[in-house]
Structure formats: structure tokens, C-alpha cells
Amino acid sequence: MTTKPMKFTGLLFLLTFTGLVAGTSTAFSENLSALLTGEMQNFAPYDAPRPFKDFTFLNAEGEEERVSDYRGKVILVNFWATWCAPCRKEMPSLDRLQEALGGVEFVVLAIGQDLQGMEKVTTFFEKLNIKNLAPLNDKTVKSGRSAGVFGLPASILLNAKGEEVGRLVGPAEWDAPEAKALINHVIRGS
């Protein structure tokens, strides 16, 4: 007879623990969901942050970098290409976002997916007067595939632990007040 109370206690513990975890996850996504207006209405947050697979890309000096090199900062990883019209339209807003929020707590990593290499990226930056973003490229396009990106532009928001908070597929005005509010929310929560 003592096994029934133990089974009931175990079941009660399991249900309570599951409820607490679900409540935490739901609260996380609900807090973000309240910020998904205007330019961020297409941002898709997760119920809880997810692991993000690290990958490499090249900087303007031809040196290999990794997303994990920026751990400790909230990161907006943006995948784009010079031939992508929506990417071209979005890039100035990413540059303004980096100027406004970039620093110790936040960085935009706009990683080109141009098969023609870094010269195409740096020429593009010069033409559009992009001054605040570092020219980055992955002509192998393995970075985008590794991140599960199958269309451009695509932006993935990572918390300071390097976990994926959510993503937005398609262009956005990243320096809009609602985008800054979303990013500042993640910065405060990291």
C-alpha cells in the first residue's frame, strides 16, 4: 500500500516540475511576444532559447572568425547577399542599428553569402556608405546552411550565452523603435 502514495507523490512532483518549466518557457515567449509589433511583427521567438550551432566566416582581412568569438554579447546574425534586392534595402538599417546599439553588449554580424567573395562585399559597403558594420562573408555559404537559413535576408537573434532567441526571415527596418525595444529586452535578460 505504501507504493500508491509514492506513485502519487512522484506524479505530483513531475506535474509540478513540468508546470514550472512550461511556465518559465511560456513567460519567456510571452514577454517577447508583447514586443512583436510593427517591423518586428514577423520575428518568430522560441518558447525558450535554443542552442545555436557555431560556424565560421571571414572578415575583411581574410581571417577566420566564429560566432562564438562574440559570446557575452547579444548578437544579431544577419545573412544577406549583394544580389538580393530586399537585402540591399535592409542593409542601411542594420548599419544604423549597429551605430545606435553596437558596443560592449550588442553587435550586428551581417554575414554576406556572396560566392564572388569579400571584394564584392566591400565594394557594396562602399556604394551604400555602410560605415558601422564590419565586412564579413562566407563564399562557401555553409554558415547559412548550418544556421538553417534557406532564404535571404534572414536574421537570427542570439542572447549573450550564444543561444538562439528567435529569427526573422525577410527584410525589416532594424533601427525602428520596436526592433531596438526587442533587442534591448534581450540585452536586459541576458
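**Figure 1. Strand 5 is largely enclosed by the rest of the structure, because 7 of its 7 residues are buried.** Buried here means under 20% relative accessible area, exposed means over 50%, and partly exposed lies in between (1.4 Å probe, protein chains only). Strand 5 comprises residues 106-112; strands (E, at least two residues) and helices (H or I, at least four residues) are DSSP runs, numbered from the N terminus. The model is predicted: local features need pLDDT of at least 70, side-chain atom pairs count only at pLDDT 80 or more, and totals for chains, interfaces and linings use all residues. Residues are numbered from 1 along each chain as its sequence is written, and side-chain values use heavy atoms, with hydrogens and water left out. In a regular strand the side chains alternate between the two faces of the sheet. Both faces of strand 5 are covered: on one side F106, V108, A110 and G112 are buried, and on the other V107, L109 and I111 are buried.

**Figure 2. Strand 5 belongs to an open sheet of 8 strands.** The strand order is 1-8-7-4-5-6-2-3, and the pairing is mixed. Strand 1 (44-50) and strand 3 (64-66) are the edge strands, each pairing on one side only. Two strands pair if DSSP finds at least two bridges between them. Strand 4 (residues 74-80) pairs with strand 5 in the parallel sense over 7 bridges. Within this pairing, F79 has I111 as its bridge partner, and W80 has G112. Strand 6 (residues 136-137) also runs parallel to strand 5, joined to it by 2 bridges. There, the bridge partner of G112 is N137.

**Figure 3. Helices connect strand 5 to strands 4 and 6 in β-α-β units.** Strand 4, helix 2 (residues 85-101) and strand 5 form a right-handed unit. A second right-handed unit consists of strand 5, helix 3 and strand 6. A crossover is right-handed if, with the strands pointing away from the viewer, the path from the first strand over the helix to the second runs clockwise.

**Figure 4. W80 and F124 form a tilted aromatic pair.** Rings of Phe, Tyr and Trp (its six-membered ring) pair if their centres lie within 6.5 Å; planes under 30 degrees apart count as stacked, over 60 as edge-to-face and the rest as tilted. The whole structure holds 6 aromatic pairs. In the pair of W80 and F124, the centres are 4.9 Å apart and the planes meet at 35°. This pair links distant parts of the chain, with W80 in strand 4 and F124 in helix 3, 44 residues apart. Both W80 and F124 are buried. Elsewhere, ring pairs link F52, F55, F57 and F79 into a cluster.

**Figure 5. S155 in strand 7 (residues 154-158) counts as buried, because its relative accessibility is 1%.** Its side chain makes a polar contact of 2.8 Å with the side chain of N78. A polar contact is a pair of N or O atoms within 3.5 Å; within protein, one must be able to donate a hydrogen and the other to accept it, and residues adjacent in sequence count only if both atoms are side-chain atoms. Leaving aside neighbours within four places in sequence, the residues in contact with S155 (heavy atoms within 4.5 Å) include L76, V77, G166 and W174.

**Figure 6. Q116 lies in the loop between strand 5 and helix 3 (118-127).** Q116 counts as exposed because its relative accessibility is 60%. A polar contact of 3.4 Å joins its side chain to that of K120. The C-alpha atoms of Q116 and T82 are separated by 9.9 Å, although these residues are 34 residues apart along the chain.
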